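Welcome! Let's take a friendly walk through a few strands and a helix.

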Amino acid sequence: MRLVCLIFSFALLAPAQEVPFDPEYVIPKVNPHTSPADLKNGQQLFMGQCSRCHGSKGEGGSGAVLAQPRLQHAPDDQSLFLVILEGIKGTEMPGGYAIDTRETWQLAAYVRSLGRLAPETVPGDPTRGRELYQAKGHCGQCHIVGGQGGSLGPELTDIGSRRSAAHLRAAVVDPSSALPNGFLQVRLETKDGRRITGVRLNEDTFTIQVRDLTGGIHSFVKEDLKALERDAGKSPMPSFQAALSASEMDDLVAYLVSLRGEK
Amino acid sequence: MRRTLGLFSAGLFAAVLPLAAQVSFDRLSKSESEPANWLTYSGSYSAQRYSGLNQITAANARQLRPAWVYQMRTTERVETSPLVADGVMYVSEPGGSVTALDTLTGRPLWKYVRTVTKGSRGCCGQVNRGVAILNDMVYVGTFDAHLVALDIKSGIVRWDAEVADPKLGHSITAAPLALRDKIVVGMAGGEYGVRGFIDAYDAKSGRRAWRFWTVPAPGEPGSETWAGGSAKTGAATTWVTGAYDPEQNSVFWGTGNPGPDWNGDVRQGANLYSDCLVALDGDTGKLKWYFQFTPHDVHDWDSTEVPVLADAVVRGEKHKAVLFGNRNTFYYVLDRDSGKFLTGRPFAKQTWAKGLDDAGKPIVIPDSEPTTEGAKVYPDVTGGTNWFSPSYSPQANLFYVATREVGSVFLKGNAEYKPGAQFNGGGQSPIVGEDPMGAIRALIPQTGEMKWEFKLHTDAAAGVLSTAGNLVFAGDTQGDFFALDALTGLPLWHFQTGAPINANPVSYSSGGKQQVAIASGNSIFAFALEN
């Protein structure tokens, strides 16, 4: 995920989202706020502050799936408390700015309760899906799984723990409907007539850096460009709806759902 | 432990640097007449952040190059605005440390290291925005809420006064402001339910001369604007340096949000003197007048922006005015003698007020308050602008403001006060899929109408400097520091510093050459025309 890290590195340093925290607070090993009243307040906080990305039942969306027994970045209560408080560096997950210690625990209690919900049932055969991923989809040309593949698109090693099956199906059928952050497609033309389409790696007020569809990296001063189009809502990835049968689509989605971070 | 490190032997720089001169009150009062120095936080008592130097112009700005870089040993955010007096730059560092630098080379001359008291707390890191100088002393506020006076030639501590208890959430992040014989200082802690104040200390002894409470005591005027006992935790902190009119002997200072920030249910009323500009007598601290920008604020829109003093002709009548670009996105012109509202209008995207009435009070749009489900409102908590300084150029007669175009979803939450703990009552979430944007805008000071804008690819978090070379210098959160034409806004020069810029630019002269300096990341960059 180097691309994402690069693009978000400045945003993560921005001043508005400082983490408030009492430095003398000793984080208990077990959540001290798990009463029904705590869960109710945690749900209210979750709906207000978390559901937009994680889904109202923790089913995931642009944020990770939380309706699972084990959370990759928060295997125990202490780590879940810290994830809510500080966010996860290098990802879109921000810190819980402006919630106090008790509210953080209440939120943690509600998130844990989501993991006790029945897991999503996914049709399809992940083993066949893996073969389709390699042989028919040629997905590895643009995506890395377990250290293998190309880097034009996002890494998928743990995509099954970060995105719901519905989100993954949408990403395969209509990639533009499920765009990940940090992968904006841009088209530009230089004053000397060169045209480049690619993924924006970085951009500031005066310059832009782009990786083209062959992997080549370009950097431009904007005043040297004749045209710069940002294709918000568009993806360089093609739709696989026509290329895969309904059962093959199920198999591919089942394979993607099975990717839980094992390298 | 507080210690000072001597970094050069006496007389080493005597050939090129004059002895550190006395920076008298008379010099501070006439600082516009010596543009080779930058003697107060905003460059002058009128807080215009304008430099009379004109060596760097639109014609040669492309020849600007780094003259030197000074790197601090810190991972905290650096918001300092340096002072320069007679060839020496005085830079505050996070927590309240101070370093004196040779402006020819950027090499340290002395350093005062502040070790912050354990248990000190603040919402937003151990930031520090600068120092004050008066006669033979340098003054700095510290994150653990002390005011410290240092010997200007060595950095050795002359006195150290405790301003407030840091363990309850008090801190000092603002640069002090030196008057004739007093040092005025504001404080931070608006997210901890503290009671705000502005203090003045005797410059020689460190004894407190006066205190103005920004939240009235029971029975005092304004206390009726706080329901129940809510004034006790009313905040209204004072964390950005104000302006001073020596003729009136008036101190002008902005105040912050009422506490708790986002849940106004527990503090019904206008909540005076939160989100105000207050005019205080410099000798006594007595309130002369106040103007409240955002009564009963529930979005954390502190009015801790820099008040700019200038003359303005409004509707045909000349006024000694205060120009104010507020975090709530409205630009205001106030009469400096009375605090009367003269005119105002928004300078950035906002969805919370239909406008201002004849008295300058916002006409609030219903349903723009935070809710438990979340209410989408522009601007976000950081506002249309913030603490970073605006600038007024008397030469161009334009008011420049670094602007943000960002909204958010405001949430109302619990508001239970515990001493020393965060007391927010809610929060905000970003609007999904919306990138923060901003611009440098030039406003016509008499009306607030926009003359030009230079759009940024990101939001703004750095101040603006205008110069007699008809230039505007500004920076952004992606690390670009740049020069614009002051009359048209056209870009003339830019330099990528490699880190977000959260500071204000200054200009001065060193060895006969104009320099422009800005903090970026953990470093101070000084630029000058190449030889």
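Which residue in β5(A) stands opposite R200(A)? The partner is V210(A). This is a predicted model, where local features need pLDDT of at least 70, side-chain atom pairs count only at pLDDT 80 or more, and totals for chains, interfaces and linings use all residues. Residues are numbered from 1 along each chain as its sequence is written, while chains are lettered from A and ligands numbered from 1 in the order in which they are written.

Strands (E, at least two residues) and helices (H or I, at least four) are DSSP runs, numbered from the N terminus. Two strands pair if DSSP finds at least two bridges between them. Here are three such pairs:

| Strands | Bridges | Direction |
|---|---|---|
| β4(A) and β5(A) | five bridges | antiparallel |
| β5(A) and β6(A) | five bridges | antiparallel |
| β29(B) and β30(B) | five bridges | antiparallel |

In chain A, three residues separate β4(A) from β5(A) in a hairpin. Another hairpin joins β5(A) to β6(A) with four residues between them, and G215(A) in its turn has a positive phi of about 100°. T207(A) has V221(A) of β6(A) as its bridge partner.

Over in chain B, an open sheet of three strands follows the order β26-β29-β30, with antiparallel pairing. Its edge strands, β26 (375-377) and β30 (426-430), each pair on one side only. Within β30(B), S429(B) is the bridge partner of V409(B).

Back in chain A, helix α4 (residues 77-86) has the buried residues L80(A), F81(A), V83(A), I84(A) and L85(A). Buried means that 20 or more other C-beta atoms, placed from the backbone, lie within 10 Å of the residue's own. Just after α4(A), G87(A) takes a positive phi of about 80°.

Key
Buried ≥ 20, exposed ≤ 12 C-beta atoms within 10 Å, placed from the backbone.
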